[in-house]
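Reader: I have a model open beside its sequence, and I would like to go through it with you one question at a time. Could you take me through the reasoning behind each answer?

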Amino acid sequence: MVQLPPELEKLFVYLQHDLPDREQLAEIARGVATESGELPEGAALEALLDASVGLTRWQAENALSLSLVRHQRLCPQVMWELKAQSLEASGLLTLHRGQERFNDLGGLEALKGFCSKALNNPGSTRAKPRGILLLGVPGTGKSGFAKALGNEMGRPTLVLDIGSLMGSLLGATEQNTRQALKIADAMSPCILYCDEIEKALSGAGGQSDSGVSARLFGTLLSWLSDHESEVFFVATSNDLSRLPPEFARSERFDGVWFLDLPARNEKQKIWEMYQHTF
């Protein structure tokens, strides 16, 4: 945002426009694809719109035009490429494009069933699923599950690095946080994944960094409680004691899961199996 001198601020009016929704994106696509066969229909059109949400009107027009030049039709792959580039350039979010699936993860059957049941009922009258908090020591599959969840549910996975939200100017951190959450809302339905969140929120008491972490924490808590978009927030933590107690209140997450390593005798069996294999 351009910083105006105080003498000129009262002479300007700031207007904030929301990112285009699916109906507006469909109208943009029809305006770009004017020839027969260029505009997909049915499920292919829905996939194109899913790939377009979160882009500005200018970005969507450029990506659609590029798709016509490359493929002579509109296809989602070009939209995903440009979206990943724009998210990376913003420095606030990144788009995870891995191929992980639930079949690649051993165990965690209860957690897989819980998330599948929560996210695979689009016509349900129940409250929208908000997210889960995964707790456990490193090596229990928290990050792997979060990355596989988006592919399994057919949703894009956005990775939120809270450290990248920290700004050097006064108020920049709060503005970056609101902008990142706004982008996530615009790209719904999606998975918003934050790894080792306790490291970023350990200073939420407000005494170590002049209250910046506390204000960031407050913005995130408000969004977790109040957002109406179909964003499923997945947070992982290695150390529960470093998380503020209000972070795990019931209205902010659908479930808090404790993942643990196998028992000692099971570890011995796994080790013997690997020794036999090699």
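Reader: How many bridges join β1 to strand β3, and in which direction do the two strands run relative to each other, parallel or antiparallel?

Author: This is a predicted model, and in it β3 covers residues 157-160. One position where the two strands face each other is L95, which stands opposite L158 in β3, and T94 likewise stands opposite V159 in β3. The strands are joined by four bridges, and their direction is antiparallel.

Reader: Which strands are the edge strands of the open sheet?

Author: The sheet is built from six strands with mixed pairing, and their order is β1-β3-β4-β5-β2-β6. From one strand to the next the twist averages 25°. An edge strand here pairs on one side only, and the strands that do so are β1 (93-96) and β6 (255-258).

Reader: Which residues of β1 are on the covered face, and which are on the uncovered one?

Author: The residues of β1 divide between two faces, with T94 and H96 making up the uncovered one. The covered face consists of L93 and L95.

Reader: Is L95 buried or exposed, and what is its relative accessible area?

Author: L95 lies in strand β1, where it belongs to the covered face. Leaving aside residues up to four places away in sequence, L95 touches W80, A84, L87, P156, T157 and L158. Because buried means under 20% relative accessible area, L95 counts as buried, with a value of 12%.

Reader: What distance separates the C-alpha atoms of L95 and L158?

Author: L158 is the residue of β3 that stands opposite L95, and L158 is also among the residues that L95 touches. Along the chain the two are 63 residues apart, while their C-alpha atoms are separated by 4.8 Å.

Reader: Turning to the helices, at what angle do the axes of α4 and α5 cross?

Author: Two packed helices are described by the angle between their axes and the distance between the axes. Helix α4 spans residues 57-71 and helix α5 spans residues 76-90, and their axes come within 9 Å. The crossing is right-handed, and the angle is roughly 135°.

Reader: How do the residues of the contact of α4 with α5 divide into nonpolar, polar and charged?

Author: On the α4 side the contact is made by Q59, A60, A63, L64, L66, S67, R70 and H71, and on the α5 side by V78, M79, E81, L82 and S86. Sorted by type, the residues of this contact are seven nonpolar, four polar and two charged.

Reader: Which residue in the loop between α4 and α5 has a positive phi although it is not a glycine?

Author: The residue in question has a phi of about 60°. Its relative accessibility is 55%, and because exposed means over 50%, it counts as exposed. The residue is Q72.

Reader: Are α2 and α3 roughly parallel or roughly perpendicular?

Author: The axes of helix α2 (residues 22-32) and helix α3 (residues 43-52) come within 10 Å and cross at roughly 110°. Because angles of 65 to 115 degrees count as roughly perpendicular, the two helices are roughly perpendicular.

Reader: Which residues of α2 and α3 make the contact?

Author: α2 passes α3 in a right-handed crossing. By type, the residues of the contact are three nonpolar, one polar and three charged. They are R22, L25 and A26 of α2 together with E46, L49, D50 and S52 of α3.

Reader: Which residues of α2 make the contact with α4?

Author: The axes of α2 and α4 come within 10 Å and cross at roughly 40°, and the two helices are therefore oblique to each other. From α4, the contact includes R57, A60, E61, L64, S65 and L68. From α2, the residues are L25, I28, A29 and V32.

Reader: Where is E196, and what is its relative accessible area?

Author: E196 has a positive phi of about 50° although it is not a glycine. Its place is in the loop between β4 (190-194) and α9 (197-201). E196 is partly exposed, with a relative accessible area of 26%.

Note on methods. Residues numbered from 1 in each chain as written. Predicted model: local features only at pLDDT ≥ 70, side-chain atom pairs only at ≥ 80, totals over all residues. Heavy atoms only, no water. Axes fitted to C-alpha atoms, helices over the stretch in contact; angles between N-to-C directions. Parallel < 35°, antiparallel > 145°, perpendicular 65-115°, else oblique. Left-handed = near helix turned anticlockwise from the far one by under 90°. Contact = heavy atoms within 4.5 Å. Nonpolar A, V, L, I, M, F, W, Y, C, P; charged D, E, K, R; others polar. Pairing = 2+ DSSP bridges. Buried < 20%, exposed > 50% of the residue type's maximum accessible area, 1.4 Å probe, protein only.
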